[in-house]
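Hi,

I'm passing this structure on to you, since you haven't worked with it before. Please open it first, and then read my notes underneath.

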Amino acid sequence: MKKSPAPQLEAPRFENSKALRIGGLREHYTSETMKNVPELWLRFAPHIGHIPGQVGRVAYGLCFNALSHDGMDYLAGVAVSSSSSLPSEFSVATIPAQKYAVFSHREHVSKLYETLDAIDKWLPRSGLEVSRGAADAASFFERYSEEFNPQTGMGGMEVWLPIKS
């Protein structure tokens, strides 16, 4: 069987984003359990559009401690105006206001790891430096616009990497 080529990394655009409060389901994953992230999305997806204080229909996948040898935390969520009425099983995190390098992902969602790998290779040559932020801040996040189709796994996906200005 032929191996498909890795997606071509498009040049990023740069965005100065305002702070966002994200509410959703959060789990810890190791390299062995990382393949279970789609199950978290399957549990979270029915909540989209029915979350108290939800702002818009954009969904976010926040990755915490992405460089840790102990695994990482992942939060599947949406922007919320307040965390006071969220279901008890939900976690809340803040995406800080700062500058981001934004990378489009035009392949199937299952190939997102290939884009992340390409970003990892691009970064040392870019002359940019990742902004580490607070200890509890996401290392980076995925943004799934209203164009994302969960049935096909295609459309409207971006990776937002915080960078030092």
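To begin with the strands: β2 pairs with β5 (residues 91–95) in the antiparallel sense, over five bridges. Within that pairing, R21 has T94 of β5 as its bridge partner. β2 also pairs with β4, again antiparallel, this time over eight bridges, and here Y29 stands opposite M72 of β4. Please keep in mind that this is a predicted model.

Next, the interior. The largest nonpolar core holds 31 residues, and W41, F44, Y74 and Y144 have the most contacts inside it. Two or more residues each come from β2 (20–29), α1 (37–44), β3 (54–64), β4 (72–80), β6 (98–105), α2 (112–126), β7 (140–144) and β8 (157–162). The largest share, five residues, is given by β4.

Y74 is a good residue to click on. Leaving aside residues up to four places away in sequence, Y74 touches, among others, L25, Y29, V37, L40, W41, L62, C63 and Y144. There is also a second, separate core of 15 residues, which includes L20, Y60, L75 and Y100.

Finally, how many cavities of 30 Å³ or more does the structure hold? There is one, with about 80 Å³ of space in it. Its lining is made up of 13 residues, and P96, Y100, A137, A138 and P162 lie nearest the centre. β5, β6 and β7 are the elements that give two or more residues to this lining. By type, the lining residues divide into eight nonpolar, four polar and one charged.

Enjoy looking around!

Best wishes

Note on methods. Residues numbered from 1 in each chain as written. Predicted model: local features only at pLDDT ≥ 70, side-chain atom pairs only at ≥ 80, totals over all residues. Heavy atoms only, no water. Core = buried A, V, L, I, M, F, W, Y, C linked by side-chain atoms within 4.5 Å. Buried < 20%, exposed > 50% of the residue type's maximum accessible area, 1.4 Å probe, protein only. Helix = DSSP H or I, 4+ residues; strand = E, 2+ residues; numbered from the N terminus. Contact = heavy atoms within 4.5 Å. Pairing = 2+ DSSP bridges. 1 Å grid on protein atoms, 1.4 Å probe; cavity = no way out; pocket = protein on both sides within 12 Å on 5 of 7 lines; lining within 4 Å. Points joined across faces, edges and corners; volume = space filled by probe spheres on them. Nonpolar A, V, L, I, M, F, W, Y, C, P; charged D, E, K, R; others polar.
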